[in-house]
Amino acid sequence: MSITRSIEIVPAIRRVKLLHVGCWEQLDLEFVPGLNIITEESSAWGKTTIIRAILQALLPSTQREYPLSVTHGFLNGTISIELMSPTISVRLGVLEGVSPEPERHESQGQFMLRLLRSHLDATPPGVAILAEEEVTSVLDASVFPEAVKLLNSSHCQVICQIAHNPNLKDFPAARVYTCSLDHAHKPRMRLQQPGRGDAPTPRACPVTLPRENQT
């Protein structure tokens, strides 16, 4: 998968509910309008399923690229998305003038920082940026402090994955969810940091995964 596809733009999201989707038999997450982080501990899994469930619900054309399966033992699964606002405004040309690959003598971290900045600068309020782990994993020590400043100062919603527990002092206003494994090695989610910000009245957008979509 191209690293540039690890950042997607969707309408801002208030709540995500998964029922029998992938490794999650049931999951209910509520996001703040600003920065939201999904991380892990003890090598847990399930972070990517959340991002790709959002993509499948809001960007159906990504279904083939990001296939999801129904939880083993169930007939179907449901993805339910509650949006921040019934009105969606999307600005075209977010990546205009940004090369799809690193420039000469530019590291992957520098390239991803530039790509992230381009999205954050051009994306209007009311829209969410989804950033998978491939984005944050290449932000090495030389660019990570600048990336932290960008994420903390974003004027739009950001939902990103960060492998392992980040330093919460770096993201004081972020809502942080952490995946872990229970005694039966099933994934579970806990709210590690509540973050700040109130969300408006939502609009529901349910999507059902039939059994034939299993992979």
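Visitor: Which residue in β8 stands opposite Glu40, and what makes β4 and β8 a pair?
Guide: Glu40 faces Cys179 in β8. Two strands pair if DSSP finds at least two bridges between them; β4 (residues 35–40) and β8 have five, in the parallel sense, so they satisfy that criterion. Strands are DSSP E runs of at least two residues, and helices H or I runs of at least four, numbered from the N terminus. The model is predicted, with pLDDT of at least 70 needed for local features and 80 or more for side-chain atom pairs, whereas totals for chains, interfaces and linings use all residues. Residues are numbered from 1 along each chain as its sequence is written, and side-chain values use heavy atoms, without hydrogens and water.

Visitor: Why are β1 and β9 said to stand at the edges?
Guide: The open sheet has mixed pairing and the order β1-β6-β7-β4-β8-β9. β1 (7–11) and β9 (187–193) each have a single partner strand, so one side of each lacks a neighbour in the sheet.

Visitor: What makes a set of residues a nonpolar core?
Guide: Its members are buried Ala, Val, Leu, Ile, Met, Phe, Trp, Tyr and Cys residues joined through side-chain atoms within 4.5 Å, buried meaning under 20% relative accessible area (1.4 Å probe, protein chains only). The largest such core has 28 residues, and Ile13, Leu18, Ile54, Ile81 and Met189 touch the most other members. Its largest share, seven residues, comes from α1.

Visitor: Which residues does Ile54 touch?
Guide: Contact requires heavy atoms within 4.5 Å. Leaving aside residues up to four places away in sequence, Ile54 touches Val10, Ile13, Val16, Leu59, Ile81, Leu130 and Ile159.

Note on methods
Buried means under 20% relative accessible area, exposed over 50%, partly exposed in between (1.4 Å probe, protein chains only).
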